[in-house]
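User: I would like a close look at a single part of this protein. Please keep the sentences short and connect the part to the rest of the fold.

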Amino acid sequence: MEENLVTLTIDGVQVKAPKGTTILEAAKLAGIDIPTLCFLKEINEVGDCRMCIVEVEGRRGFATSCIQTVEEGMVVHTHTPSVLEARHLILDLIISNHSKDCLTCTRSRKL
């Protein structure tokens, strides 16, 4: 069973997760919260909103944690200043093109 596990580090916490697990799922196993908007397990796993971005050491740019699978030895940072700044910018862009009638929107009544 151990050969099917990947060991990685998320925010300084060593995590063992099954191969094929996403960074988002591995973080949840470790009790680390990564915000999401569009992620619905087994329904909508496309990473379009990009709110769940993280930094992975040794890589350029951000990784979308809901679709990026874990790798052996991976080191992930979920709440660095650059990640938080990027998430704020992403949310501002999403909201800037939104009607902002969430409390009266018919979609909110479907929840």
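Leaving aside its neighbours within four places in sequence, which residues is T78 in contact with?

Analyst: A word on the source: this is a predicted model.

T78 is in contact with I10, D11, I32, I34, V54, V83 and R87, once neighbours within four places in sequence are set aside. T78 itself lies in the loop between strand 5 and helix 2. Its relative accessibility is 0%. T78 therefore counts as buried, since the cut-off is under 20%.

One of these partners also makes a polar contact. The side chain of T78 meets the side chain of D11 at 2.3 Å. D11 sits in another loop, the one between strand 1 and strand 2. D11 counts as partly exposed, because its relative accessibility is 33%. The polar contact thus pairs the side chain of T78, a buried residue, with that of D11, a partly exposed one. The backbone of D11 deserves a note too. Its phi is near 50°, a positive value in a residue other than glycine.

Now the nonpolar partners. I10 and V54 touch T78. I10 and V54 are also among the residues that touch the most other members of the largest nonpolar core. That core has 19 residues, and L8, I23, A26, V56 and V76 belong to the same group of best-connected members. Strand 1 (5-10), strand 2 (13-18), helix 1 (23-29) and strand 3 each give two or more residues to this core. Helix 1 supplies the largest share, 4 residues. A26 shows how such a member is placed. Beyond its neighbours within four places in sequence, A26 is in contact with L8, I10, V15, A17, T21 and V70. I10 is thus a contact of A26 and a contact of T78.

V83 leads elsewhere. V83 is in contact with T78, and it belongs to a second, separate core of 6 residues. C49, A86 and I90 are also included in that second core. T78 therefore has contacts with members of both cores: I10 and V54 from the largest, and V83 from the second.

Next, the setting. The protein has 2 helices and 5 strands. From the N terminus on, the elements run β-β-α-β-β-β-α. Of its 111 residues, 32% count as buried, and T78 is one of the buried residues. Among contacts between residues at least 6 apart in sequence, 44% join residues at least 24 apart.

Helix 2 covers residues 81-96, and I95 lies in it. I95 is partly exposed, because its relative accessibility is 36%. I95 joins L37, L91 and I94 in a nonpolar patch on the surface. Together the four have about 300 Å² of accessible area. The protein exposes about 7,400 Å², and carbon and sulfur atoms supply 55% of that.

Charge pairing is the last point. A search of the whole structure finds 1 salt bridge. E71 forms it with R59, the closest N and O atoms being 2.8 Å apart. E71 lies in the loop between strand 4 (63-64) and strand 5 (75-77), and R59 in the loop between strand 3 (53-56) and strand 4, so the pair ties together parts that are 12 residues apart in sequence. E71 is partly exposed at 37% relative accessible area. R59 is partly exposed as well, at 35%.

Notes: Residues numbered from 1 in each chain as written. Predicted model: local features only at pLDDT ≥ 70, side-chain atom pairs only at ≥ 80, totals over all residues. Heavy atoms only, no water. Patch = residues over 30% accessible without salt bridge, like charges linked within 9 Å, V, L, I, M, F, W, Y side chains within 5 Å. Areas by Shrake-Rupley, 256 points an atom, 1.4 Å probe, with all protein chains shown as cover. Salt bridge = Lys/Arg side-chain N within 4 Å of Asp/Glu carboxyl O. Buried < 20%, exposed > 50% of the residue type's maximum accessible area, 1.4 Å probe, protein only. Contact = heavy atoms within 4.5 Å. Polar contact = N/O pair within 3.5 Å; in protein donor to acceptor, adjacent residues only side chain to side chain. Core = buried A, V, L, I, M, F, W, Y, C linked by side-chain atoms within 4.5 Å.
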